[in-house]
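Biologist: Please take one part of this model and go through it closely, with its surroundings. I would like a single connected account rather than a list.

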Amino acid sequence: MPITIGLISDTHGLLRASAMHALEGVELILHAGDVGSRDILIELRALAPVQAVYGNVDDQHMPELEAHRWVSLDGWQIHVSHGHEVGRPGPELLIPRYPDADIHVFGHTHRALVHREAGKLVVNPGAAGPRRFDVVPSVARLTLAPGQADVEIVTLD
């Protein structure tokens, strides 16, 4: 049976109602940093269990946040980090930095991205918080089944 995971990043203290709606029905939520407030995690936990990492604007000492998360589900190895640890994150830096990951989830750039390369999947769900730059807010839904990982970027209003 497939597992659906909600991916969210860069909330910066704002959790839109449209983000909550987009993540309804997921079995797990992975927050890729720049959470902005513990309240965001509490609200997300109303939908599903949450695993979160800290971003460059978060308090690194908040107990719910770690620098990195490794999640193993249905044979998939998922690595979650904000991405700022590699400078300007992207597939070309994350794949070699974390070679054991099948799926890389990151944030920081505020730009949604789905990239497949050599059996690896790299996903940035985009920024779900305050609108910045010329970016439309978004989250992602990751569906895992044996041997198959599908991602849908969901734009927010």
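Modeller: What follows starts from one strand and works outwards to its sheet, the helix packed on that sheet, and the cores. The model is a predicted one.

The part chosen is strand 1, residues 3-8. Six of its six residues are buried, so strand 1 is largely enclosed by the rest of the structure. The burial holds for both faces: I3, I5 and L7 lie on one side, T4, G6 and I8 on the other, and all of them are buried.

G6, which lies in strand 1, can serve as a sample of that environment. G6 has a relative accessible area of 0%. With neighbours within four places in sequence left aside, the contacts of G6 are L23, V26, L28, I29, L30 and A140. The C-alpha atoms of G6 and M20, which are 14 residues apart along the chain, are separated by 9.9 Å.

Strand 1 has partners in the sheet. With strand 10, residues 138-145, it pairs in the antiparallel sense over five bridges; T4 stands opposite T143 there. With strand 2, strand 1 pairs in the parallel sense over four bridges, and L7 has L30 as its bridge partner in that strand. Strand 1, helix 1 and strand 2 together make a right-handed β-α-β unit.

The whole sheet is open and has six strands in the order 4-3-2-1-10-11, with mixed pairing. Its edges are strand 4 (65-66) and strand 11 (148-155); each has a single partner strand, so one side of each is left without a neighbour in the sheet. At the strand 4 edge, strand 3 (residues 50-53) pairs with strand 4 in the parallel sense over two bridges, and V53 stands opposite E66. Helix 2, residues 38-45, packs on this sheet and touches strand 1, strand 2 (28-31), strand 3 and strand 4. The direction of helix 2 makes about 155 degrees with that of strand 3.

Which residues of helix 2 are buried? They are I40, L41 and L44. Around the helix axis they cover an arc of only 95 degrees, which puts them on the same side of helix 2. An α-helix has 3.6 residues a turn, so residues three or four places apart point the same way. The cover over the buried residues of helix 2 includes strand 1, helix 1, strand 2, strand 3 and strand 4. For L41, the contacts beyond four places in sequence are V35, V50, A52, M62, E64 and L65.

The loop between helix 2 and strand 3 holds L47. This residue is partly exposed, with a relative accessible area of 26%, which is not under the 20% that counts as buried. L47 nevertheless touches M20, L23, E24, V26 and I29, not counting residues up to four places away in sequence. L23 and V26 are also among the contacts of G6. The C-alpha atoms of L47 and L28, 19 residues apart along the chain, are separated by 8.4 Å.

Next come the nonpolar cores. In soluble globular proteins, nonpolar side chains tend to be buried together. The largest nonpolar core here has 22 residues, and those with the most contacts inside it are I8, L15, I29, L41, L44, L65 and V139. Helix 1 (17-22), helix 2 and strand 3 each supply at least two residues of this core. A second, separate core of 20 residues includes L7, L73, I78 and V105. The two faces of strand 1 can be read against this: I8, from one side of the strand, is in the largest core, whereas L7, from the other side, is in the second core.

Some members of that second core lead to another sheet. I78 has I103 as its bridge partner in strand 7, and strand 6 (residues 76-81) pairs with strand 7 (residues 103-105) in the parallel sense over three bridges. These strands belong to an open sheet of five strands in the order 5-6-7-9-8, again with mixed pairing. Its edge strands are strand 5 (68-73) and strand 8 (113-117), each pairing on one side only. Neighbouring strands of this sheet are turned by 15 degrees against each other on average, direction ignored.

How values were computed
Residues are numbered from 1 along each chain as its sequence is written. This is a predicted model: local features need pLDDT of at least 70, side-chain atom pairs count only at pLDDT 80 or more; totals for chains, interfaces and linings use all residues. Side-chain values use heavy atoms; hydrogens and water are left out. Two strands pair if DSSP finds at least two bridges between them. Contact means heavy atoms within 4.5 Å. Axes are lines fitted to C-alpha atoms, for helices over the stretch in contact, and angles run from 0 to 180 degrees between N-to-C directions. A nonpolar core is a set of buried Ala, Val, Leu, Ile, Met, Phe, Trp, Tyr and Cys residues joined through side-chain atoms within 4.5 Å. Buried means under 20% relative accessible area, exposed over 50%, partly exposed in between (1.4 Å probe, protein chains only). A crossover is right-handed if, with the strands pointing away from the viewer, the path from the first strand over the helix to the second runs clockwise. The arc is that of the directions from the helix axis to the C-beta atoms.
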